[in-house]
Amino acid sequence: MFFVGLTLRTDFRIFSSAFLIKMIVVPSRMGRINKRALLARLQQIGVASRADLAKSLGLSQPTSGKIVDQLLELGVIEEFEVPMWKAGATPAPVRRLGRPGRMLRLQQTAPRFLGVQLGVTETRLKMLPLGANGEDQWTVSVPTPSSAAEWQDELRRVAPQFRGQSLWGVLISVPGIVDEKEAKVIFSPNLHWTEQTSLPALVGKIWRVPVVLAQEERVLALGHQALVPGIRDFLLVDFGEGVGGAVVVAGKLFLHPLPMSGELGHTPVVGNQRSCGCGSVGCVETLISTRGLLQSFADATGAARPSWPELSAHVAAAGVVPWLAGTLDATAGVIAGALNVMGLRQVVITGSFSDLPPAVAGHLSAAIRRGALWARFGEVGVEFAPRRRTAGLVAVGLDRLVVPMAETERDQETLLHASAGRDGGAGGLI
Ligand SMILES: [Zn+2]
């Protein structure tokens, strides 16, 4: 009200326009930054009391309370009673209070988003409430065909299972080089047809709600960050049909103004003559992707069209055989190079390694540590984690649809995150 009154009563000529804009925009921008910090915090800790939420964000109780009330009204978060007999089983904030009370969490009852994972061979779908967390469990899976029209047909076929009045948007995880702002796939080595089509327009004809595209490794990094408290600097590398990565620095996704980063799968390996979907020869992805590993396994053993479980059984019996060791060493070299360039010392690996004997992960971890300069001074962490794509998609939805923010404001948010305390909160915002 203060700002409205000021602008109505005052002769505008005494203010420069820049001053006026600043006066009016700053409070709402700070409100958005605080809302975003609060939602990110709730996604990470799951459940919190009003008092603990305010404290962990470094906000006054009245400021935090106002944001909480607005988000409750919008149906973004919900308040629930924690019964006395359950208090011992609830998370730390409740125990510390020493008494039951009303707690807050992201809304869990009505699904707000439809999550879609456009994979190279399969497309998976699931309705997601804002409070979705944990590991990926998709409810429906359809084959990914080789054209936009056929893909639309597949989605249309299963669409009746994904109807809801409460739907706020469709969130699609896509591989390749993705311009998220323009919602366009620029280059996709394993799904070239996605380059020629507007996926949001195509999906928007089936579900008439906003459609958001997000690059798949970035989604995985956001999902990991959303569910692992305190992790602020890491390189995530995902192995599967393709290989790619994403970087989180000071709690924020590293994004280049041009929509390309984390593409370590297309780094060449000396002596590798395999052709890659990107048009080049010798990319590490052609060796370490599931298809690449199976091809090497077939070449080494003479097996015709071996399966992934057969490869796993072979490694369990024979150990990390020389062809596999060479591939793992080459992959580790690429990862260590990325760590050295970015100054990182924490790697999170998701995807196909979880199906292989632990010796494979052990070999890769040791080789990464050999190549990472941080290991000469201290610890280099290599963690094998489940894919948390659905949690990542929810983080994308909160970011892009629930409390969106202009690019110019994101810069400011990044600075605030970087300067926030090491307690994992966003202290000092106000
Ligand atoms: Zn390539």
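What share of the 430 residues in the protein chain is buried? In this predicted model, buried residues make up 37% of the protein chain.

**Overall composition**

The protein chain contains 15 helices and 14 strands. Among its contacts with a separation of 6 or more, 62% are between residues 24 or more positions apart.

**The five-stranded sheet**

One open sheet is formed by five strands in the order β12-β11-β10-β13-β14, and its pairing is mixed. The edges are taken by β12 (252–253) and β14 (381–384); each has a single partner strand, so one side of each is left without a neighbour in the sheet.

Strand β13 (residues 346–351) pairs in the parallel sense with strand β10 (residues 234–239). Strand β13 also runs parallel to β14. The two pairings involving β13 are set out below.

| Strand pair | Sense | Bridges |
|---|---|---|
| β10 and β13 | parallel | five |
| β13 and β14 | parallel | four |

Individual bridge partners can be named for both pairings. Between β10 and β13, Asp238 is partnered by Thr350, and Phe239 is partnered by Gly351. Towards β14, the bridge partner of Gln346 is Gly381. Between these two strands the chain passes from β13 through helix α13 (residues 358–371) to β14, and this β-α-β crossover is right-handed.

Is β13 mostly covered or mostly uncovered? Strand β13 is mostly covered, with five of its six residues buried.

**Helix α8 against the sheet and against α14**

Helix α8 lies across four strands of the sheet, namely β10, β11 (243–249), β12 and β13. Relative to β11, helix α8 runs at about 45°.

Helix α8 (residues 216–227) also meets helix α14 (residues 389–402). Two packed helices are described by the angle between their axes and the distance between the axes. For α8 and α14, the axes come within 7 Å and cross at roughly 90°. That crossing angle is why α8 is described as roughly perpendicular to α14, given that angles of 65 to 115 degrees count as roughly perpendicular.

On the α8 side, the contact is made by Val219, Leu220, Leu222, Gly223, Ala226 and Leu227. On the α14 side, the residues are Arg389, Ala391, Gly392, Leu393, Ala395 and Val396. By class, the contact of α8 with α14 has nine nonpolar, two polar and one charged residues.

Helix α8 therefore has two sets of neighbours in this description: it lies across strands β10, β11, β12 and β13, and α8 is roughly perpendicular to α14.

Methods:
Residues are numbered from 1 along each chain as its sequence is written. This is a predicted model: local features need pLDDT of at least 70, side-chain atom pairs count only at pLDDT 80 or more; totals for chains, interfaces and linings use all residues. Axes are lines fitted to C-alpha atoms, for helices over the stretch in contact, and angles run from 0 to 180 degrees between N-to-C directions. Angles under 35 degrees count as roughly parallel, over 145 as roughly antiparallel, 65 to 115 as roughly perpendicular and the rest as oblique. Two residues are in contact if their C-beta atoms, placed from the backbone, lie within 7 Å. Ala, Val, Leu, Ile, Met, Phe, Trp, Tyr, Cys and Pro count as nonpolar, Asp, Glu, Lys and Arg as charged, and the others, Gly among them, as polar. A residue is buried if 20 or more other C-beta atoms lie within 10 Å of its own, exposed if 12 or fewer, and partly exposed in between; C-beta atoms are placed from the backbone. Two strands pair if DSSP finds at least two bridges between them. A crossover is right-handed if, with the strands pointing away from the viewer, the path from the first strand over the helix to the second runs clockwise.
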